[in-house]
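Dear colleague,

I am handing over the structure below, and my notes on what was found in it follow directly after.

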Amino acid sequence: MLKIAHLSKSFDSIKAVDDISLEVKEGEIFGLLGPNGAGKTTTISMIASLLRPDTGKIYIDSLDIETDLKKIKKMMGVVPQEMAFYEELSAKENLIFWGKLQGVVRKTLEERIRFYLEKTGLLGRENDPLKKYSGGMKRRINLIIGLIHQPKLLLLDEPTIGIDVQTRLNIYEIIKEASSQGTTILYTTHNLQEAEELCHRIGIMDQGKILAEGTLTELIKIVGEKDIALISGNFSAETGRKILSSLKETTVISLEDGKIILSLDASKKIPLLLQDFFREGISIDDVSIKQPNLESVFLKLTGKELRE
Amino acid sequence: MKNLLLLARKDFIRKWRNPIVIIGFTLIPIVFAFIFGLIFGPSQEKTLPRISVLAVDEDQSFFSEFFLSSFKQGELNKIIDLKKVDKEQGLKLMNKGKASALLIIPQKFGEKIWEGQPVEISLLKNPSEQFLPQIVEEICDISSLLFSSLFSVFSDELGTIKKFIDEGNFPDRQISSLSVQIKRRIESISKYVFPPIISLKQKTIKEEEEESPLSVQAYILPAIAVMFLLFICNVVFEDILREKKMGTLLRMTVSPLKISDFIWSKTLISAIIGILCTLILIALGRIIFSIHWGNPVLLFFIVICLNFMIAGFISFLYTFIRTEQQAGAVLSSVFIVMSLLGGSMVPAESFPPFILNISKLTLNYWGIQAFRKATTDAPFREIFPILLGMILAGIFFSTVGSYFLNKSLKKGLLK
């Protein structure tokens with residue numbers, strides 16, 4: 001459904017997206033996971049035809065975005081980070097407006113509005129102006145606007161920022177349902193839990209590159225059976241390197257003053273490692289061990305933690 | 001077209017539900033017209049204040065009394081407040097600025113008149129007053145002239161009377177002969193004097209406020225209205241930047257909608273809201289200030305053309321604007337300068353020729369001219385060129401504005 005080949009985009013000297021390629025199948029939820037500034041929004045903006053790529057190609061339903069944009073626009077929906085609607089208008093008026101703009105006929109529109117409002121628990125509030133809605137309710141309307149014309153491809157740019165758990169689960173439910181009905185979804189997030197829970201496949205993105213992609217299981221295989229350990233204390237990078245040199249079957253992911261990230265069998269290797277540190281008279285502040293999961297994958301691939 | 005109307009309808013509902021700014025901008029011209037009307041309009045009291053005149057009669061004769069009594073005759077008595085004083089008191093009061101003029105009738109005034117010799121009277125004017133002493137001077141001139149004429153006509157009879165008085169002898173026969181002579185003299189001059197060839201008919205001109213097409217408000221309201229229409233139309237166009245910020249424009253860009261439809265919808269709704277506000281102003285002008293607006297059909301065309309021109313012009317201006325801050329600072333300055341040059345604040349007719357030529361390059365000038373011609377019931381052939389100019393300017397500005405705004409929006413959608 002969505003195919004991206006060697007896509008790049010620079011802003012002056014900053015390379016926002018650096019030669020990325022990926023493929024998303026019909027009905028699949030693909031999560032682009034990465035910290036702020038990773039290039040997720042730039043990628044989604046190029047797919048939405050808001051930005052012209054410097055190099056590379058984008059195909060949606062086998063149509064080239066450069067030559068068939070008019071057709072592509074009809075099959076695409078977008079949910080931006082901003083609350084992109086009119087607060088003076090009611091939920092119903094907003095949905096009618098955006099639906100008509102997408103060419104949905106009035107009768108179908110009325111049915112869909114009712115369906116989605118019911119699904120999101122907003123039925124009964126449809127005539128209230130949106131300025132009277134809570135943040136979570138507004139997020140739900142923002143999502144419905146993107147879905148009202150039942151697009152083949154839905155681009156969601158961090159649609160769950162700053163909302164409560166209940167609303168988040170409600171949004172997940174709607175997205176999953178849309179996916180089960182055949183809508184392909186490209187979902188950007190920097191929330192690991194969200195990506196794990198929602199996405200069929202995940203692409204880990206940092207500094208404009210996709211570092212790895214696959215299902216959660218496939219990604220965890222990258223780390224293997226090993227744990228990820230994060231050790232922090234009062235030591236220099238030089239001392240850390242000296243101590244680690246004697247340790248076998250351990251991969252150094254990141255090493256800097258006061259902080260080491262390692263891939264290892266934690267139960268066996270950590271006690272040995274700590275002994276070496278204490279022998280050198282170095283105090284250790286914290287040791288955290290992560291079982292193989294998306295977070296450990298992210299840590300291994302990027303050398304940094306992903307925080308909300 | 002369908003999308004254009006859909007967008008325009010959406011914007012109209014939004015403005016309808018949040019009308020405070022537009023209502024404010026619509027009512028300001030009414031408030032301005034009201035205040036300017038109070039300042040520059042005709043006042044209720046139109047009579048002159050009474051002129052205080054001090055008189056020093058050093059002669060105390062029949063003739064001096066006769067001369068002074070001329071100031072108390074008929075209408076003059078209503079405007080002149082004559083007060084007799086001695087010379088010292090009179091000068092003191094004049095020094096204090098308590099009177100407009102001091103009239104001094106010298107000694108032997110009457111005696112010299114009897115003898116047919118020239119006499120002089122003195123008039124001291126209060127230098128701190130501009131017009132009132134001038135009026136007193138004019139009255140003195142006229143009274144002196146009348147006095148001189150009277151003594152010239154009756155010089156023989158007066159000579160005879162003086163002879164009787166000097167001798168202290170009043171013979172009956174000569175008295176009756178003198179009476180007949182005076183009667184004949186009066187009869188002979190009567191045919192030249194009565195009825196007077198020139199008569200002064202007094203009439204107080206009451207300003208017909210209800211019908212006058214050029215009342216102060218009829219002059220001011222359209223001028224200020226044109227200025228505030230710029231601000232009203234701008235309120236709609238500011239939405240372009242707001243929609244960019246809100247993400248709704250981005251969402252529209254991803255939809256099948258053309259950006260040019262979005263821009264034209266702003267021009268359309270801006271013109272429609274401008275038209276409605278102008279019609280409200282016209283109605284309020286009629287109700288509150290009884291302004292005569294001329295032919296309603298013609299007026300309606302003026303309103304449409306003017307607002308189309310303004311909306312187009314603002315869309316053109318927005319091709320240079322990138323942020324809301326720029327819109328606030330730059331456009332307000334442009335509107336104020338244009339209004340000043342265009343005659344919204346000061347009548348363009350009072351400008352020197354060079355500035356007047358610049359004034360003709362502003363929207364305000366042509367808008368005001370169109371309204372002025374309508375309020376003075378100018379023929380259609382005089383208004384038509386202005387309407388045509390407005391339409392052409394509107395087409396030019398909105399087309400160029402739409403083209404460049406389309407380009408700049410597409411370019412700058414991603415923050």
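How many residues does the contact take from chain B, and how many from chain A? The contact takes 20 residues from chain B and 22 from chain A, two residues being in contact if their C-beta atoms, placed from the backbone, lie within 7 Å.

Please bear in mind that this is a predicted model, in which local features need pLDDT of at least 70 and side-chain atom pairs count only at pLDDT 80 or more, while totals for chains, interfaces and linings use all residues. Residues are numbered from 1 along each chain as its sequence is written, and chains are lettered from A and ligands numbered from 1 in the order in which they are written.

On the interior, the largest nonpolar core has 154 residues, and those with the most contacts inside it are A:Leu155, A:Leu186 and B:Ile310. Such a core is a set of buried Ala, Val, Leu, Ile, Met, Phe, Trp, Tyr and Cys residues joined through C-beta atoms within 7 Å, where buried means that 20 or more other C-beta atoms lie within 10 Å of a residue's own, with C-beta atoms placed from the backbone. Helix 10 of chain B (residues 216-246) gives the most to this core, with 18 residues; helices are DSSP runs of H or I, at least four residues, numbered from the N terminus. Apart from this core lies another, of 19 residues, among them B:Leu54 and B:Ile113.

By contrast, of the 13 residues of helix 8 of chain B the number buried is zero, so this helix lies largely in the open. Helix 8 of chain B is followed by B:Gly168, whose phi is positive, near 70°.

Looking back at A:Leu155, this residue touches A:Ile44, A:Met76 and A:Leu186, among others, not counting residues up to four places away in sequence.

With kind regards

Note on methods. Buried ≥ 20, exposed ≤ 12 C-beta atoms within 10 Å, placed from the backbone. Helix = DSSP H or I, 4+ residues; strand = E, 2+ residues; numbered from the N terminus.
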